[in-house]
Amino acid sequence: MTAQVVDLNARLDNRRASESSLRDIAARAGTISDVLAVQDKLTEVRDQIERLTAQQNDLTGRAALGTLQAIWETPVVAVTEVQSGWDLGREIDHAAAQTVQAGQTVASFLVWLVVVGVPVIGPILLITLVVVVLLRRWIARIPPRPEHPGWGPIGPGPRPPAGEAGPGA
């Protein structure tokens, strides 16, 4: 279809140039027979231009309504190249190197924890432990509140006898 459009455009340009030349000739024609001959030729060229323009519009309309189909395929060569570059020994070396690197990362973290974490976080943990121990001892020294007679485990009211369970049990 592209070749047809290019061909139509070239033919239209050619006919338009002919029309322009014929108009110049008609302007310079001296006799009536010459003017009539040029006028007949001009009418013929103008008719051809209109037909070519109609064909061009038809092709443009068809192109606007046309469908485009695209097919994407992976070239087989690329798959062959990927397979040819794969090496099991190199993959094992790479996996082992990644494992060693992970172990080194864990060891580095532990070194930083001992060198930096213990001196910084250690005193904070020690102070927290001392405060917790002192609070427990202090709370243990506080005598229990005396029980008021008539107060049961749920609230005021008679206590159930020793062997029976109350409503809160």
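**Salt bridges, core and surface of a four-helix chain**

The side chains of arginine 11 and aspartate 7 meet in a salt bridge, with 3.4 Å from N to O; the term covers a side-chain nitrogen of Lys or Arg within 4 Å of a carboxyl oxygen of Asp or Glu. This is a predicted model, in which local features need pLDDT of at least 70 and side-chain atom pairs count only at pLDDT 80 or more, while totals for chains, interfaces and linings use all residues. Residues are numbered from 1 along each chain as its sequence is written, and side-chain values use heavy atoms, with hydrogens and water left out.

Arginine 11 and aspartate 7 are 4 residues apart in helix 1, so about one helical turn separates them. Both partners sit between the two extremes of accessibility: arginine 11 is partly exposed, with a relative accessible area of 34%, and aspartate 7 is partly exposed as well, at 40%. On this scale, buried means under 20% relative accessible area, exposed means over 50%, and partly exposed lies in between (1.4 Å probe, protein chains only).

The structure holds 6 salt bridges, and some of them join up: Glu19, Arg23, Arg46 and Glu50 are linked in a network. Within this network, arginine 46 takes part in a salt bridge with glutamate 19, the closest N and O atoms being 3.1 Å apart. That pair links distant parts of the chain, with arginine 46 in helix 2 and glutamate 19 in helix 1, 27 residues apart. Arginine 46 also forms a salt bridge with glutamate 50, where the closest N and O atoms are 3.8 Å apart. Here both residues belong to helix 2 and lie 4 residues apart, about one turn of the helix. In general, side chains of opposite charge can pair when their charged atoms come close.

The surroundings of these charged residues are worth a look. Glutamate 19 is buried, with a relative accessible area of 9%, whereas arginine 46 is partly exposed at 33% and glutamate 50 is partly exposed at 46%. Leaving aside residues up to four places away in sequence, glutamate 19 touches Leu42, Val45, Arg46 and Ile49; contact means heavy atoms within 4.5 Å.

Leu42, Val45 and Ile49 also appear in the largest nonpolar core, which has 9 residues and includes Leu8, Leu12, Leu22, Val38, Leu52 and Leu59 as well. Such a core is a set of buried Ala, Val, Leu, Ile, Met, Phe, Trp, Tyr and Cys residues joined through side-chain atoms within 4.5 Å. The elements giving two or more residues to this core are helix 1 (2-28) and helix 2 (32-65), and the largest share, 6 residues, comes from helix 2.

On the outside, Val111, Trp112, Val114, Val115, Val116, Val118, Val120, Ile121 and Leu125 form a nonpolar surface patch with about 880 Å² of accessible area together. One of these residues, valine 118, lies in helix 4 (residues 88-141). Patch members have over 30% relative accessible area and no salt bridge; like charges are joined within 9 Å and nonpolar side chains (Val, Leu, Ile, Met, Phe, Trp, Tyr) within 5 Å.

Taken overall, the protein chain has 4 helices and 0 strands; these are DSSP runs (helices H or I, at least four residues; strands E, at least two), numbered from the N terminus. Of its 169 residues, 8% count as buried. The chain exposes about 14,600 Å², with carbon and sulfur atoms supplying 64% of it; accessible areas come from the Shrake-Rupley method with a 1.4 Å probe, and for residues only the protein chains shown count as cover.
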